[in-house]
Every structure is written in C-alpha cells, then in structure tokens.
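Reader: Could you walk me through how the helices and strands pack in this one?

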Amino acid sequence: MRAAIAAFIAAMSALALVRWNSWTYGTDTGTFAQVALNAFHGFTDGPEHGSHFGFHWSPILALLFPIAALTRSPLSLQIVQVFLIAATAIPLYAIVRTYAGPSWATRCSILALVYPPLLSIAFEEFHELAFYPAIALGLVWAADRARWGWFFLFSIAAVTIREDVCADLVVIGVVFALIGLLSRSTEERGLLAGSPQERERLTVAGLWLALLSAATLAIYAYVVVPHAGGWRPSHFYTYSFANGPLQAVLAIFSHPAAVIAAVFTVGRLTYLLEALAPLAFLPLRSRWSLLSVPGFAGVLLASDSIVWRMGFHYSLLWTPWLLLGAMWTLCNLVTSRHEESARRWWTTAIAVCILVLIFFNPMHPAHYLRAQKYAEPQNASRAFACVPADAPLVTHDEWFAHIALSHPRSANLDEQAARFDGYIVYTPRWENAHVQTAVLPQIEAALRAGRFVRVCRFGDVSVLRATSYRTGE
C-alpha cells in the first residue's frame, strides 16, 4: 500500500509540475493560495473581492497558511492536493484490512487511487474539498473500530471543510445514530458488518456528528453569510422552482414534475455512468453506497452543468461513499468464500478505470499539459517583474494563478479592468471569447483615452498603469 501511495504521489506531483510550467492552472489555484495566506486576515482574496466565506465555509484552509507563507508559490497547494487525495487510501486500507486482510486492503487502495473521479482531482486546480475523502473515510473507520477520540477529531475537521459537506454529514450522522440505536446484534464485528462495537456510544457519536454539522451549517447560514454579503454560489441552483440548494431539494416534493423535467438529462445520466462504471457498478450492490445520495443530490440538482462535469472537484462530495460501497461489496465476497469472484470483479474494475483514463480521461491531459502559444510565459514573467510586488494588479486567469502570492494584491482580469486603479498585465492574443469581446476592447479604449499608460512591453505582453495610480500609495 505504501508503494502504491508513493507511486501515486510521485506521478501526480510530476504532472502538477508539468502543468505548472505549462501555465495552465486557472483562477482557483491563485484564489485559494491567497485565501490560505490571508487565513488570519478574514480569509480574503482578490478575485472574490472580499472574504472567501461569501462563497464557502472553509476554515480548514487555515491549516495551509504556513505552506503558503513559506513557499510564496501557489504550486505548493497543488502538491498538497496530491497528498490529500493520496491520503484517501489510508483509512480505506484500514477499513478493508479489518474484514478482508492486508492483501485485499492493498488491492482496494490501488483501485481507489486509479479511480478516475478521485484521481483526476489530484490534477485539477486546488479546492478545499480535497480534504474531504480522507476525513470522511476516517470517520467511518473510527466509528467502525470504536475509536471515539479519532471520531471526535475527524468530525471537527469535517465541519470546517465546506457548508455542503456539513449538509451531507447531518444525514450521515443520523444514519450512524440509527444503526447504533436499532442494531440488536451482539457480535460486535463492526459498524460496516451491521453489528457495531459499543452501540450506545455509536448512537451518541452519530447524534454528535449530526448536531455539530447542523449547528455549523446554521451558524454559517444565519451569522457568517449575512455578514459576508450573501451566499454567492446560489446561482448554481437557479430554477423556476428554486433559488438555492435547499429549495431545490424541497422542490422534489413540491414541484416533482418540474424537477424531473429539469434534472433528468443526458448529461446527468452520463455523469452517473462515469461515476459507477469505473467501479464495475460494485457500489450498487452495497447499502453503504446510499451515503453518496446527499452528495449526488447537491451535484445533480445544480442548474449549471459545470457542477456535474467529471474532473471537477464537486465529485468529491460522493466519491468516498461510492468507494466505500465498492470496497464493502468486495469484502463481502471475500469473507463469504467467493474470493475468486472478488478477484474477477476487482480486475474488471481496474481494467475499466485504465480504459477510462486512456480514452475518456477527465483530466484532459492533452489540453492541460501543453502550453498555449498565446500565453507567452517567458514574456509574462518579464512583464510581472515590471510591477511592484505590493501594487494592485489584474491579469489573465492562468497568469494570476502564477503570481497570486508574489503579488498578493492581484486578481483576475474581468469586465471592470478598464476602470481598475492599478496595473494591468495582458496580451491581446488571449484566446478566450469573453476576454476578446467584453474585456480587451474596453482596455484598449481606456488606453487610447489616456486612462492608462504602457510602462513595459515584451512581445505581445503589455503592462499598463492607471494614470490615477501613484506608486507607493
């Protein structure tokens, strides 16, 4: 298992380095680097024009402050993400080893590490949900083995990841509590086997998780969000029957026909197939996969297709639970003396994962591992050297990802750039329809009108400074 994790970390870190040097990481990498660096100053960042709490409840990002402060490079967060995704195999190994032995624990860990919806996130731009799979499965391991101190620590960590995680954990905590309350088995083989150890304490632990998650969610919704100016991701759930995730869920009962018409689409169906097929549909044979339902609901009820596009971080809301269901199916086959059948299913799942990575890779390596000529990274680097490190600065998304910490007052280029009081670093060759039609014409017009002066130029990369801006102010 250690060799598999080490190989995963080495391979994905190498790809992260290639992608970094290709300048293809986008805004989110730079945004989260700034949030981590400003963890003790309100979790603020440039692109979100204030605190990240207006978008997500993520105090756990404070753990990354030392890394951001020491490295001053957003690349460090991408490497952290590789380690966090690799860490998913650790609690999974511990769970499976208890029931099926170390050999099968290693096999299941390998399957998790090549599972495309999980593996692809080690390649994606950094997001706080990268903490979730290992912590979620750590909660299951702790509940299964009656390690209540660990359960307490994992629960505290879990509710600081994101508000949608809290919503999921309310349901999962209730499930744990009901299992402890309703179980009548005295064998105490473990939670996953349906005969939990220390049933009374499991009930208390489940209720603790549910109440802690609900209280955290309430504090975020009714205290933090109003102070931060509203919950801005609500636009992901804008329908005629809903304006937010809670309303979207409730609409299942109040507007079922509208929900069916809006949600049952080909794109969402293929998303489900991409989730289940690489695991050879093994999760469908385990009731533990039902823990993925809240996560899937949050994803599939979104009105914006970017949420249910494989390779994006939203998949981490359900990934640990599908992996748990698949692994428990294999464990059942092994413990019921059908090990040969388990081996065939495991081999099939590994083969499908490899085929998906070859032909339908959600990482899109052909695109993200190849530098775009228009990006001109060498000229861009020279241009940024013309800008004082403490000056306000806006630039293209992928360039912002590189300089978010070296220029901590930086943000990404948007429609307001022509009125920006600071520096602009840009190229007119940037291949993005929105930039070409809505951003660059305004910048060029502002330059002609004398609102900016060009202070540096390298190739097609220009550095503009607002005439109203005074260096050092």
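What follows is a short round of questions and answers on helix and sheet packing.

Author: First, the basics: this is a predicted model, where local features need pLDDT of at least 70, side-chain atom pairs count only at pLDDT 80 or more, and totals for chains, interfaces and linings use all residues. Residues are numbered from 1 along each chain as its sequence is written, and side-chain values use heavy atoms, with hydrogens and water left out.

Reader: How are helix 5 and helix 15 oriented to each other?

Author: Helix 5 (residues 89-114) and helix 15 (residues 319-335) pack at an angle of about 125 degrees, with axes 10 Å apart. Helices here are DSSP runs of H or I, at least four residues, and strands are E runs of at least two, numbered from the N terminus; axes are lines fitted to C-alpha atoms, for helices over the stretch in contact, and angles run from 0 to 180 degrees between N-to-C directions. Under 35 degrees counts as roughly parallel, over 145 as roughly antiparallel, 65 to 115 as roughly perpendicular and the rest as oblique. So the answer for helix 5 and helix 15 is oblique.

Reader: How many charged residues are in the contact of helix 5 with helix 15?

Author: Contact means heavy atoms within 4.5 Å. Helix 5 contributes residues including Tyr 99 and Trp 104, and helix 15 residues including Met 327 and Trp 328. Ala, Val, Leu, Ile, Met, Phe, Trp, Tyr, Cys and Pro count as nonpolar, Asp, Glu, Lys and Arg as charged, and the others, Gly among them, as polar. By class there are 16 nonpolar, 1 polar and, for charged residues, none.

Reader: And which way do helix 7 and helix 8 run relative to each other?

Author: The axes of helix 7 (residues 132-144) and helix 8 (residues 148-158) come within 8 Å and cross at roughly 155 degrees. Trp 141 is one of the helix 7 residues in the contact, and Phe 151 is one of those from helix 8. Helix 7 and helix 8 are therefore roughly antiparallel.

Reader: Which strands sit at the edges of the sheet?

Author: The open sheet has 5 strands in the order 4-3-5-7-6, with mixed pairing; two strands pair if DSSP finds at least two bridges between them. Each edge strand pairs on one side only, and these are strand 4 (410-412) and strand 6 (452-458).

Reader: What residue of strand 4 stands opposite Leu 393?

Author: Strand 3 (residues 393-395) pairs with strand 4 in the parallel sense over 3 bridges. Opposite Leu 393 stands Ser 410.
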